[in-house]
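Q: Please take one part of this model and examine it closely, setting out how it is placed, covered and joined to its surroundings. A single connected account would be preferred to a list.

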Amino acid sequence: MNADLSRPHPAGQEENSSLLPFAERDLPAGRHQFHKERLMAQIHEDLRAADIAAAPSAPARAAAARNPFPRRSFLVPVAGFALAGTLAVGFFAFVDRGAADGPGSTLATGPALTTRIGTADPKGAPQLLDRISLASSSTGAGPLSVRADQFVYIGSKSANTYVKTVGDKSTVVSEQLHTRHQWNSPDGTKGWLIEPGNTGPKGVTLAGTDEQGKARTPYLNAPTYDYLTTLPTDPDVLLRRIYEETKGMGSGPDQEAFTTIGDLLRGSYPPAELTAALYKAAAKIPGVVTVDEAVDAAGRSGIAVARLDEHSGLREEWIFDRQTLTFLGERSVQVQGESGEHGLIKPGTVVYTSAVMTRTVVDRIKEIPPSAR
């Protein structure tokens, strides 16, 4: 399937869309959702503050899999549940098991999970992001509107690898590349997620309330489409709000702002005007660079906009098609120092990879658009 990020596909244009024959099941208790959100926030901060964090309990990890807007390196494979109490999770990496690691390859291969680190240019980012912003505006990247009875669909591919510790032995364990199907109503009250390794084959509901039984309040790191429509589209005002709402998070304000924008670009479907503003806002963040070569989880090569987290040595890269400047995906590469337990994550390791394959608007929950089949 091909990425189609240039414009929305209203359900009326998708007459051949089909419904997945999956039966919905009840949402677990609201308390699960409340503690899941707190757990996910804590894991995020722990992973940013150190190179390794202890894995949560099995029930907590199961709840975490239902996160409708995951940040990188959060989801722990279901296969690891049996290792509760002995599993330590560090940063993640991707193995492209089918590709040869030839000269100049940017795909992570082999037991070392290494890749060529692209050349970073500290001068070209503002100009490139300005071009990307203009391109997104001209192609209408993002829906003009979403009806209350419709759903935002995002089909993506991703892979993680984590450091597994059993007893006194630590090893790097790699996930298989897998597809993620996600549906969300504009107000966030309804949704569904199907992700092999993190949900069962029928998926899990994304609906629910907090511990007090109230509707969850959307925010920058867990937005709804309706919430995104309320964000300012002036780049300076938008960036100021991002800094204010993420104050004290992550390893520093600039890195957290960059990460937050990346999460919005990858994990949501912002309105077209907001998408253009996000790119312009990113151009104002100190330390943002361009990288000459990067490959997304689907194997598509492109140019990247990136920023190095000096604390962890990880470089977060947003990957764009060279010709159309369409957003393809995101990856994180260890470029300085070693991380993970016993320093198993070496420089050149791709620690997370993703590819956005289809983003569109559909009429029904679990409806697979033709472009995602």
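A: The account below begins with the chain as a whole and then turns to one strand and its neighbours.

The model is predicted, and local features are therefore reported at pLDDT of at least 70 and side-chain atom pairs at pLDDT 80 or more, while totals for chains, interfaces and linings use all residues. Residues are numbered from 1 along each chain as its sequence is written, and side-chain values use heavy atoms, with hydrogens and water left out.

The chain has seven helices and 15 strands; these are DSSP runs numbered from the N terminus, with helices being H or I of at least four residues and strands E of at least two. Of the 373 residues, 55% are buried, a term that means under 20% relative accessible area, with exposed being over 50% and partly exposed lying in between (1.4 Å probe, protein chains only). About 15,300 Å² of the chain is exposed, 54% of it supplied by carbon and sulfur atoms; the areas come from the Shrake-Rupley method with a 1.4 Å probe, and for residues only the protein chains shown count as cover. Among contacts (heavy atoms within 4.5 Å) between residues at least 6 apart in sequence, 67% join residues at least 24 apart.

The part chosen is strand β12, residues 314-320. Seven of its seven residues are buried. In a regular strand, side chains alternate between the two faces of the sheet. In β12 both faces are covered: Leu314, Glu316, Trp318 and Phe320 lie on one side, and Arg315, Glu317 and Ile319 on the other.

Two strands flank β12 in the pairing, where strands pair if DSSP finds at least two bridges between them. Strand β11 (residues 301-309) runs antiparallel to β12 and is joined to it by seven bridges; within this pairing, Leu308 has Arg315 as its bridge partner. The two strands form a hairpin with four residues between them, and Gly313 in that turn has a positive phi of about 80°. Strand β13 (residues 327-334) also pairs with β12 in the antiparallel sense, over seven bridges. Here Leu314 stands opposite Gln334 of β13.

β12 and β13 likewise form a hairpin, with six residues between them. The turn holds Leu325, whose phi is positive, at about 65°, although it is not a glycine. Most residues other than glycine have a negative phi. Leu325 is buried, because its relative accessible area is 10%.

The end of β12 also takes part in aromatic packing. Rings of Phe, Tyr and Trp (its six-membered ring) pair if their centres lie within 6.5 Å; planes under 30 degrees apart count as stacked, over 60 as edge-to-face and the rest as tilted. By this rule there are four aromatic pairs. In one of them, the rings of Tyr279 and Phe320 have centres 5.7 Å apart and planes at 70°, so the pair is edge-to-face. This pair links distant parts of the chain, with Tyr279 in helix α7 (residues 272-282) and Phe320 in β12, 41 residues apart. Phe320 has a relative accessible area of 0% and is therefore buried. Its ring also pairs with that of Phe327: the centres are 5.6 Å apart and the planes at 75°, so this pair too is edge-to-face. Both Phe320 and Phe327 are buried. Ring pairs thus link Tyr279, Phe320 and Phe327 into a cluster.

Helix α7, which carries Tyr279, is mostly covered, with nine of its eleven residues buried. The buried residues of α7 include Leu274, Leu278 and Tyr279. Tyr279 itself has a relative accessible area of 4%, which places this residue among the buried ones.

A second residue with an uncommon backbone setting may be placed beside Leu325. Lys366 is not a glycine, yet has a positive phi of about 75°, and belongs to the loop between β14 (350-362) and β15 (367-368). Lys366 is buried, because its relative accessible area is 3%. The charged end of Lys366 sits over the ring of Trp192, 4.2 Å from its centre; the criterion is NZ of Lys or CZ of Arg within 6 Å of the ring centre and within 35 degrees of the ring normal.
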